[in-house]
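Trainee: Please take a close look at the cysteines of this structure, and then set them in the context of the elements around them.

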Amino acid sequence: RASPSLPAAALLSATVGMGRLSNDAFLAGLDKHFSNVRKAGSLFITFKRYVPTPGKFGVPKSDTAEPMCLVRAKLGSKAISTLVHEKDVTRFQGSLGTTMKGNMDGLKQVEKKKKERKAKP
Amino acid sequence: MVYISNLESFVEAGQQLFISSPGKTRYLVKYRHVDAKLVLKVTDDKVCLKYKTDRQDDLKRIDRLNAFFMRLMCAETVTSETAQAIEALIQEEDMMQVAPKAAAASVAHSGGKKKKK
């Protein structure tokens, strides 16, 4: 863990593993969460609008000043997150959809059965 | 906690809530494989909207909702116009997956709208 005396920028880059990840690393971590949730627990995926503001020491918190989507995934005490830029949204959302649809197979598949079949005249 | 029974009603209410307070609203998905339950929540910490399901069929609509929220969250300004533009874009993409030839023709016709600055 980084010591409190380090400047803000170093603190940010020191967070590895759990925490703020790249988009691809986040998707990989989410896959792991999905395989772990099969045994027990609740998986929380949160989406929020993130508008970067300058940090305390004047160090910018992110590369651009454009609004991004903050995505978090939490299973028990293990939390990961990532920032998705507008230009990456399509790709990220596509991967996310694939992951979710592929892994959320515990849900019931409801088959609509017509109990009364009307005879054709 | 307000559970909305109809997915479409939840989607519409959730989208409206986000447009009204984009800075405070968050969209959450809770999945429990053990109980086969999926819960969606949209809240700005004043109003809370929830939807729960155990059906696989809802995933397709939820996937579209994810796309909508992610894109709107990244947009420069969050307004009804931006939201409508994004909805249109998502519908076009949906059509592309279902019927590529027909959709390609309509996309070429509309000229591909981009967000306003």
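**Cysteine pairing and helix packing**

Mentor: The sulfur of A:Cys69 lies 5.2 Å from the closest cysteine sulfur, that of B:Cys74, which is too far for a bond. A disulfide requires two cysteine sulfur atoms within 2.5 Å, and a search of the whole structure finds zero over all chains. A:Cys69 counts as buried at 0% relative accessibility, and B:Cys74 likewise counts as buried at 1% (buried is under 20% relative accessible area, exposed over 50%, partly exposed in between; 1.4 Å probe, protein chains only).

The model is predicted: local features need pLDDT of at least 70, side-chain atom pairs count only at pLDDT 80 or more, and totals for chains, interfaces and linings use all residues. Residues are numbered from 1 along each chain as its sequence is written, chains are lettered from A and ligands numbered from 1 in the order written, and side-chain values use heavy atoms, leaving out hydrogens and water.

In chain A, helix α2 (residues 23-37) packs against helix α3 (residues 89-103) at about 10°, with axes 11 Å apart; helices are DSSP runs (H or I, at least four residues), and strands (E) have at least two. Axes are lines fitted to C-alpha atoms, for helices over the stretch in contact, with angles from 0 to 180 degrees between N-to-C directions. The two helices are therefore roughly parallel (under 35 degrees; over 145 is roughly antiparallel, 65 to 115 roughly perpendicular, the rest oblique). Among the residues in contact (heavy atoms within 4.5 Å) are A:Phe26 and A:Leu30 of α2(A), and A:Phe92 and A:Leu96 of α3(A).
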